[in-house]
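Open the structure in your viewer and keep the selection tool at hand. The stops below go from side chains to the sheet.

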Amino acid sequence: MDENRKRLIAARNAIEPAERALFSKNICCAIINSSEYKAAGSVMCYYAVGSEADLSVLIAHAMQSGKRVLLPRCNTADTTITPCVFDGRLVPGAYGIPEPVGEAAEPDLIVCPMLAFNGQRFRIGYGAGYYDRLLAGSRAVFFGAAFAQQYREFEPKPHDAALHRIYTQEEIF
């Protein structure tokens, strides 16, 4: 991981855990209130690790609402993500991130993690391009979940895909 990404993780880690929990709940509630979420039959979330915005409130709501919840399964050989059905069971996966055991499925809405984002709705991820490849081949709506403190101005790379929206605890981009 490059030094810039390490600095971005350190800045996100600096947000107090109690604030992160409150901010995460606010982000989830804003996504739940979006028309795209309401219309989606299947929602791909991520399993939050470290100081990422926690989507557990969103995942629980989607499951209770009868939506098909998907989580990523990583293939490290070709650095791709397969959205797979989450039924509550998780197994150890790539990079120590728990993964679902269910079958592959197509999402209507994808909520992406990130280290940073800019005003044009581009994201900086962890550097391997997993989500870049997923978004390039998907017809889903792309949302990002991040804390307002993760906002940075940067120039996107040619392969980057702009998200449709990025939700923070303060505003929607």
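Is Tyr 95 buried or exposed? Select Tyr 95 and look at its surroundings. Tyr 95 is exposed, because its relative accessibility of 58% is over the 50% cut-off. Keep in mind throughout that this is a predicted model.

**Stop 1: the aromatic pairs**

Six aromatic pairs turn up in a search of the whole structure. Start with Tyr 95 and add Tyr 130: these two rings pair edge-to-face, with 6.0 Å between centres and 85° between planes. Now colour by element. Tyr 95 sits in the loop between strand 4 (90-91) and strand 5 (99-100), while Tyr 130 belongs to helix 5 (residues 130-136). The pair links distant parts of the chain, 35 residues apart. Tyr 130 counts as buried, at 9% relative accessibility.

Next, select Phe 117 and Tyr 151. Why is this pair called edge-to-face? The planes of Phe 117 and Tyr 151 stand at 80°, with the ring centres 5.5 Å apart, and edge-to-face applies to planes over 60 degrees apart. Phe 117 lies in strand 7 (residues 116-117). Tyr 151 lies in the loop between strand 9 (141-145) and strand 10 (165-167), so the pair ties together parts that are 34 residues apart in sequence.

Show the surface here. Phe 117 is buried, with a relative accessible area of 0%. Tyr 151 is partly exposed, at 33% relative accessibility. Then add Phe 173: Phe 117, Tyr 151 and Phe 173 make up one aromatic cluster.

**Stop 2: a charge over a ring**

Select Lys 67 and Tyr 37. The charged end of Lys 67 sits over the Tyr 37 ring, 4.7 Å from the ring centre.

**Stop 3: the sheet**

Switch to cartoon. Look for an open sheet of six strands, in the order 3-2-1-6-9-10, with mixed pairing. Which strands stand at the edges? They are strand 3 (80-85) and strand 10; each has a single partner strand, so one side of each is left without a neighbour in the sheet. Ignoring direction, neighbouring strands of this sheet are turned by 30° against each other on average.

Zoom in on strand 9 and strand 10. They pair in the parallel sense, over three bridges. Pick Gly 144: opposite this residue stands Ile 166 in strand 10.

Finish with helix 2 (residues 17-32), which packs on the sheet. Helix 2 touches strand 6 (109-112), strand 9 and strand 10. Sight along the helix: its direction makes about 140° with that of strand 10.

Conventions
Residues are numbered from 1 along each chain as its sequence is written. This is a predicted model: local features need pLDDT of at least 70, side-chain atom pairs count only at pLDDT 80 or more; totals for chains, interfaces and linings use all residues. Side-chain values use heavy atoms; hydrogens and water are left out. Rings of Phe, Tyr and Trp (its six-membered ring) pair if their centres lie within 6.5 Å; planes under 30 degrees apart count as stacked, over 60 as edge-to-face and the rest as tilted. Helices (H or I, at least four residues) and strands (E, at least two) are DSSP runs, numbered from the N terminus. Buried means under 20% relative accessible area, exposed over 50%, partly exposed in between (1.4 Å probe, protein chains only). A charge sits over a ring if NZ of Lys or CZ of Arg is within 6 Å of the ring centre and within 35 degrees of the ring normal. Two strands pair if DSSP finds at least two bridges between them. Axes are lines fitted to C-alpha atoms, for helices over the stretch in contact, and angles run from 0 to 180 degrees between N-to-C directions. Contact means heavy atoms within 4.5 Å.
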